[in-house]
Amino acid sequence: QVQLVESGGGLVRPGGSLRLSCTASGGTFSMHVMGWFRQAPGKERELVASISRSGDRTFYAYSMKGRFTISRDNAKNMADLQMNSLKPEDTAVYYCASSPTNPFYSGTYSEPYEYDYWGQGTQVTVSS
């Protein structure tokens with residue numbers, strides 16, 4: 001059973017930065033596509049960014065592109081999300097998710113249903 005634990009959330013002023021980390025255990029991390037999602041009150045869960053097993057391919061939601069950077073360290077079983085130029089509308093619970101894939105798949109996934117494992121979430125609040 002894969003377990004994912006997020007950390008790094010908190011309160012930040014508009015224009016500030018936060019770095020979220022996701023630590024995985026219980027599986028072969030390098031075989032998992034990793035993703036970060038977020039969910040604001042009253043809204044559906046949406047993709048923030050995803051990264052391929054090797055880390056050579058990434059995908060960002062349009063509104064996050066250029067501000068957020070997803071990365072992974074397969075040796076440490078970690079996937080990070082660097083968030084810069086934060087806006088109040090970035091306020092949400094951020095979730096780490098993983099999806100085990102076969103060795104022949106080198107892409108990413110964009111939809112929540114494509115992910116099998118989820119962390120408990122970490123709150124990010126952007127407010128002055």
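Over how many bridges do E1 and strand E3 pair, and in which sense? Select residues 18-25, which form strand E3, together with E1, and you will find the two paired in the antiparallel sense over 5 bridges. As you look, keep in mind that this is a predicted model.

**The sheet around E1 and E3**

Widen the selection to the open sheet of 4 strands to which they belong, whose order is E1-E3-E8-E7 and whose pairing is antiparallel. Strand E1, residues 3-7, and strand E7, residues 68-73, stand at the edges with a single partner strand each, so one side of each has no neighbour in the sheet. If you turn the view to compare the directions of neighbouring strands, you will find them turned by 15 degrees against each other on average, when direction is ignored.

Now return to E1 and pick out individual residues. Glu6 has Cys22 in E3 as its bridge partner, and Ser7 stands opposite Ser21 in E3. In a regular strand the side chains alternate between the two faces of the sheet. In E1, Leu4 and Glu6 make up a covered face, while Gln3, Val5 and Ser7 make up an uncovered one.

**A polar contact at Asp80**

Next, select Asp80, which lies in strand E8. Asp80 is buried, because its relative accessible area of 12% falls under the 20% limit. Show the side chain of Arg19 as well, and you can trace a polar contact of 3.2 Å that joins the side chains of Asp80 and Arg19.

**Two loop residues with positive phi**

Most residues other than glycine have a negative phi. With that in mind, select Asn77, which lies in the loop between E7 and strand E8, the latter covering 78-83. Although Asn77 is not a glycine, its phi is positive, at about 55 degrees. With 25% relative accessibility, Asn77 counts as partly exposed.

Then move to Ser85, whose place is in the loop between E8 and strand E9, with E9 covering 92-100. Ser85 is likewise not a glycine, and its phi is positive too, at about 50 degrees. Its relative accessible area is 41%, and Ser85 is therefore partly exposed.

**The cavity**

How many cavities of 30 Å³ or more does a search of the whole structure find? The search finds 1, and about 50 Å³ of space lies in the largest cavity. To see what surrounds this space, select its lining: Val2, Leu4, Ala24, Ser25, Gly26, Gly27, Thr28, Phe29, His32, Met34, Asn77 and Ser98. Two residues from earlier stops return here, since Leu4 and Asn77 are both part of the lining. E3 and strand E4, the latter covering 32-39, each supply at least two residues of the lining. Colour the lining by residue type, and it divides into 5 nonpolar residues, 7 polar ones and no charged ones.

**A last stop at Val48**

Finally, select Val48, which is found in strand E5, residues 46-51. Is Val48 buried or exposed? At 0% relative accessibility, Val48 counts as buried. Add Ser63 to the selection and look at the C-alpha atoms of both residues: Val48 and Ser63 are 15 residues apart along the chain, and their C-alpha atoms are separated by 8.6 Å.

Technical notes. Residues numbered from 1 in each chain as written. Predicted model: local features only at pLDDT ≥ 70, side-chain atom pairs only at ≥ 80, totals over all residues. Heavy atoms only, no water. Pairing = 2+ DSSP bridges. Axes fitted to C-alpha atoms, helices over the stretch in contact; angles between N-to-C directions. Buried < 20%, exposed > 50% of the residue type's maximum accessible area, 1.4 Å probe, protein only. 1 Å grid on protein atoms, 1.4 Å probe; cavity = no way out; pocket = protein on both sides within 12 Å on 5 of 7 lines; lining within 4 Å. Points joined across faces, edges and corners; volume = space filled by probe spheres on them. Nonpolar A, V, L, I, M, F, W, Y, C, P; charged D, E, K, R; others polar. Polar contact = N/O pair within 3.5 Å; in protein donor to acceptor, adjacent residues only side chain to side chain.
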